[in-house]
Amino acid sequence: MSRLQLALNVDDLDASIAFYSALFDTTPAKTRPGYANFAIAEPPLKLVLIETPGAGGSINHLGVEVTDTDAVNVAQTRLAAAGLASVDERDTTCCYARQDKFWVEGAPNGERWEIYAVLEDTEAFGTSPVAAVDQAADEPACCG
């Protein structure tokens, strides 16, 4: 199963968790300091909340979570054939998960998209080198 990912910057993580728990009638799948994610079944959505005081209400990045590395490879091949460049990140730790992913380059409005598969949860937030390049120095690097 694939699902769309929406990663939001939020000012207050606890208030945001309460709001999105009520909105989607579910609790977070994962919470860590400054971070939470929801694995919402209906509509199929991975909602990621990244506590970034002063930037609340803005999009951190967008993504598509896929089932496994093979699905990452298929998506990357398809997008390359469509002329879209990508930056590979394999076996990277980001947002409390080890992932295989790539970032799509060249979105017309500068939005950042990642296609990724979670390999396993981790206790470390980690950093995504590609994501960190696009972040302001005071914002955490984003990931899926």
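Tyr-96 counts as buried, at 7% relative accessibility. That residue is a good place to start, since its backbone is unusual too: Tyr-96 has a positive phi of about 60° although it is not a glycine. It is found in the loop between β6 and β7. Keep in mind throughout that this is a predicted model.

**The overall layout**

Stepping back, the protein has 3 helices and 8 strands, and from the N terminus on these elements follow the pattern β-α-β-β-β-β-α-β-β-β-α. Of its 144 residues, 41% are buried. If you take the contacts between residues at least 6 apart in sequence, 59% of them join residues at least 24 apart.

The 8 strands make an open sheet with mixed pairing, in the order β2-β3-β4-β1-β5-β8-β7-β6. At its edges sit β2 (30-32) and β6 (86-94), each of which pairs on one side only. Neighbouring strands in this sheet are turned by 20° against each other on average, direction ignored.

**How the strands pair**

Here are four of the pairings, with their sense and an example of two residues that stand opposite each other.

| Strands | Sense | Bridges | Residues opposite each other |
|---|---|---|---|
| β2 and β3 | antiparallel | 3 bridges | Arg-32 and Tyr-35 |
| β1 and β5 | antiparallel | 6 bridges | Leu-8 and Ile-59 |
| β1 and β4 | parallel | 7 bridges | Ala-7 and Val-48 |
| β6 and β7 | antiparallel | 7 bridges | Val-87 and Trp-103 |

β1 appears twice in that table: it is joined to β4 in the parallel sense by 7 bridges, and to β5 (residues 59-65) in the antiparallel sense by 6. It is also mostly covered, with 6 of its 8 residues buried.

Out at the β2 edge, the partner strand β3 covers residues 35-40, and Arg-32 faces Tyr-35 there. At the β6 edge, β6 and β7 form a hairpin with 2 residues between them. Cys-95 in that turn has a positive phi of about 55°, and Tyr-96, in the loop between these strands, has its own positive phi of about 60°.

**Helices across the sheet**

Which strands does α1 lie across? Helix α1 (residues 13-24) lies across β1 (3-10), β2, β3 and β4 (45-51), and runs at about 165° to β4. Helix α2 (residues 69-81) lies across β6, β7 (97-104) and β8 (113-121), running at about 10° to β7.

α1 is worth a closer look. Its 12 residues reach 16 Å from the first C-alpha to the last, close to the 16 Å expected at 1.5 Å a residue. Its buried residues are Leu-13, Ser-16, Ile-17, Tyr-20 and Ser-21. Seen down the axis of α1, these fall within an arc of 130°, so they line one face of the helix. The cover over them includes β1, β2, β3 and β4. On the other side of α1, Asp-14 and Ala-22 are exposed.

The two ends of α1 have details of their own. At the start, a side-chain oxygen of Asp-12 comes to within 3.0 Å of the backbone nitrogen of Asp-14. Just after the helix, Asp-25 takes a positive phi of about 55°.

**Backbone oddities**

Most residues other than glycine have a negative phi, and most peptide bonds are trans. A few spots in this model go the other way.

Asp-25 has a positive phi of about 55° without being a glycine, and its place is in the loop between α1 and β2. Is Asp-25 buried or exposed? Asp-25 is exposed, with a relative accessible area of 71%. Tyr-96 also has a positive phi, of about 60°, but it counts as buried at 7% relative accessibility.

Then there's the peptide bond from Glu-42 to Pro-43, which is cis, with omega near -5°. Where does Pro-43 sit? Pro-43 is found in the loop between β3 and β4.

How values were computed:
Residues numbered from 1 in each chain as written. Predicted model: local features only at pLDDT ≥ 70, side-chain atom pairs only at ≥ 80, totals over all residues. Heavy atoms only, no water. Pairing = 2+ DSSP bridges. Helix = DSSP H or I, 4+ residues; strand = E, 2+ residues; numbered from the N terminus. Axes fitted to C-alpha atoms, helices over the stretch in contact; angles between N-to-C directions. Contact = heavy atoms within 4.5 Å. Expected span 1.5 Å × (residues − 1). Buried < 20%, exposed > 50% of the residue type's maximum accessible area, 1.4 Å probe, protein only. Arc of directions from axis to C-beta. Polar contact = N/O pair within 3.5 Å; in protein donor to acceptor, adjacent residues only side chain to side chain.
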